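Please open the structure in your viewer and keep the selection tool at hand. The tour moves from one selection to the next and says what is found at each stop.

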Amino acid sequence: MKPKKDRFFYRFWIKESGLSSMLMLLFVMHFIVIPLFGNHTSFMIMLNIFWLLMLLSGIFALAKNRQQAVRYAMIPFLFITCQWTAIFYSGVFIVWSDFFLTIITGMILIVLVLIKVFEPGPVTKHRIIGSIVVYMLLANLWTVVYLFIFHHIEGSFQLTSSRFKISSDQARFMYFSYITITTTGFGEIVPLHPLARSLVVLEALFGVLYPVILIGRLVSDADFSRKQKL
């Protein structure tokens, strides 16, 4: 399925340089917007809409045919519907549906980026950057999981008090996710519930293995491309 090249969001998926642009957007989002403006609900809603549009454009740009694109696009639409429903009704079913749809939506975005990283062709700097994008999206995905556990299992995490009221729960757990996936661990946020501890260990394991496996795969692809040119 060939997307129209004149559309803004499609440019992130048509060219490999879109992966570099996506990295810049993630840096701004994770290290400036969420830490400083995470408490502004309306601003965060607009940010979520932007990434949903990015996801939908990626689905239609990379899908093999229109039928496949429509099937996968149903998930973001369900996610949006669930988010709006949760504003007026916060029943157990809606809460769990919202959580699972958020996770699935995030995983689809990760898969789309990986498709661009490993598509046929020589390994370029943009593909290396795409692997960093996946790393950051994984950290974001674990942030969602930690937030859900924190809000629904009382005492699951111990948080140190802060004098800075600007910080939101999302900013705190985004920070926690990054220091976990990079196996830094400063100790300001401590997982206490067994499930929380298991997930922290799992993220740290991903943080260690992901660069090793991915770099190995990219180096192998680069070597294969070099041999083909000889």
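How far apart do the end C-alpha atoms of residues 75–93 lie, and what percentage of the span is helix? Select that stretch in this predicted model: its end C-alpha atoms are 17 Å apart, and the span is 84% helix and 0% strand. Move next to residues 99–118, where the end C-alpha atoms lie 29 Å apart and the span is 95% helix, again with 0% strand. Both stretches are covered by the annotation "transmembrane region" in an unreviewed UniProt entry, which also lists residues 12–37, 43–63, 130–153, 173–192 and 199–220.

Now select F27, V28, F31, I32, L36, F37, F43 and M46, which together make a nonpolar surface patch of about 720 Å². Colouring the helices separately will help here, since α2 (17–37) and α3 (41–62) each supply at least two residues of this patch, with the largest share, six residues, coming from α2. Within the patch, pick out L36, which lies in helix α2. Why does L36 count as partly exposed? Its relative accessibility is 41%, and the partly exposed class runs between the buried limit of 20% and the exposed limit of 50%.

Finally, colour the chain by pLDDT: the mean is 84, and 89% of the residues reach 70 or more. Residues 1–6 deserve a separate selection, as their pLDDT is below 50, although in the model this stretch has 15 contacts beyond near neighbours in sequence.

Terms used. Residues numbered from 1 in each chain as written. Predicted model: local features only at pLDDT ≥ 70, side-chain atom pairs only at ≥ 80, totals over all residues. Heavy atoms only, no water. Patch = residues over 30% accessible without salt bridge, like charges linked within 9 Å, V, L, I, M, F, W, Y side chains within 5 Å. Areas by Shrake-Rupley, 256 points an atom, 1.4 Å probe, with all protein chains shown as cover. Salt bridge = Lys/Arg side-chain N within 4 Å of Asp/Glu carboxyl O. Helix = DSSP H or I, 4+ residues; strand = E, 2+ residues; numbered from the N terminus. Buried < 20%, exposed > 50% of the residue type's maximum accessible area, 1.4 Å probe, protein only. pLDDT = per-residue confidence, 0-100. Contact = heavy atoms within 4.5 Å. UniProt positions renumbered as here; feature names shortened; annotations may be inferred.
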